[in-house]
Amino acid sequence: MAKNKLRPKDRQVEIEEREASSLEDIDMGMDALKEHDIQIEKTKKTVQIENKKTTAVLVKQRMKGVMDGSIVLKDSLQTHWKLIFFCFVLCLLLIANNYFSETMVRETTQIKRELKELRFSQISTKAERMLLARQSSIAKRLDSTGIKESVVPPIKIIYKGK
């Protein structure tokens, strides 16, 4: 009990002083946090700008590597050369299949067109043949040769054997 010789009123004043000083410390801490947040935002923006620059540089380096062929000589691609070759062969097969199917489609359309023309010519030839096979057209053609149409109807000959 000897340690704590302050009276209750002195204690209350001391507690109020502590609260006031802690509030001031909190206000100072808040200001420091705001400044710290602003600095963090600035650094984030600079990091984003630097990232954009580095990605642009990386893209240029990759394109240069593709153009001069150095990307093919890297170890990572040399380990997967079988897969790359397989993909290349598949691409060639796909292109060949596409070419083959295109030629088949062209040939099919050409054959359909020829079939249509042949069908029209068959119909017109059939119509001409029907006109030429009529009795009146045959009689007209035979008039110039001197053969005339018979006026007597044909007679049926019946043969009775033994």
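Here are legends for a set of views of this predicted model.

**Figure 1. The whole chain is built from helices.** The protein has four helices and zero strands, so there is no sheet to look for, given how helices and strands are assigned here. From one end of the sequence to the other, the pattern reads α-α-α-α. Of the 162 residues, 2% are buried. The protein exposes about 16,500 Å², and carbon and sulfur atoms supply 64% of that area.

**Figure 2. Confidence varies between the helices.** For the protein as a whole, the mean pLDDT is 83, and 82% of the residues reach 70 or more. If you are choosing where to look, helix 3 has the highest mean pLDDT among the elements, at 96. Helix 2, covering residues 75-79, has the lowest, at 74.

**Figure 3. A nonpolar patch lies on the surface.** Nine names are worth finding here: Trp81, Leu83, Phe85, Phe86, Phe88, Val89, Leu90, Leu92 and Leu93 together make a patch of about 950 Å². Phenylalanine 86, one of these residues, belongs to helix 3, which spans residues 81-132. Its relative accessible area is 48%, so phenylalanine 86 counts as partly exposed.

**Figure 4. Two cysteines stay unpaired.** This view shows cysteine 87 and cysteine 91, whose sulfur atoms are 6.7 Å apart. For cysteine 87, the closest cysteine sulfur is the one in cysteine 91, and for cysteine 91 it is the one in cysteine 87. A disulfide needs the two sulfur atoms within 2.5 Å, so the separation of 6.7 Å is too far for a bond. In keeping with this, the structure holds zero disulfides. Both side chains can be described by their accessibility as well: cysteine 87 is partly exposed, with a relative accessible area of 38%, and cysteine 91 is also partly exposed, at 46%.

**Figure 5. Serine 137 is a buried residue in helix 4.** Follow the chain to helix 4, made of residues 135-143, and you will find serine 137. Its relative accessible area is 17%. Buried means under 20%, so serine 137 qualifies as buried. A polar atom of the serine 137 side chain lies 3.0 Å from the backbone oxygen of arginine 134, a separation that meets the cut-off for a polar contact, within 3.5 Å.

Conventions
Residues are numbered from 1 along each chain as its sequence is written. This is a predicted model: local features need pLDDT of at least 70, side-chain atom pairs count only at pLDDT 80 or more; totals for chains, interfaces and linings use all residues. Side-chain values use heavy atoms; hydrogens and water are left out. Helices (H or I, at least four residues) and strands (E, at least two) are DSSP runs, numbered from the N terminus. Buried means under 20% relative accessible area, exposed over 50%, partly exposed in between (1.4 Å probe, protein chains only). Accessible areas come from the Shrake-Rupley method with a 1.4 Å probe; for residues, only the protein chains shown count as cover. Patches are made of residues with over 30% relative accessible area and no salt bridge: like charges are joined within 9 Å, nonpolar side chains (Val, Leu, Ile, Met, Phe, Trp, Tyr) within 5 Å. A salt bridge is a side-chain nitrogen of Lys or Arg within 4 Å of a carboxyl oxygen of Asp or Glu. pLDDT is the predictor's confidence in each residue, from 0 to 100. A polar contact is a pair of N or O atoms within 3.5 Å; within protein, one must be able to donate a hydrogen and the other to accept it, and residues adjacent in sequence count only if both atoms are side-chain atoms.
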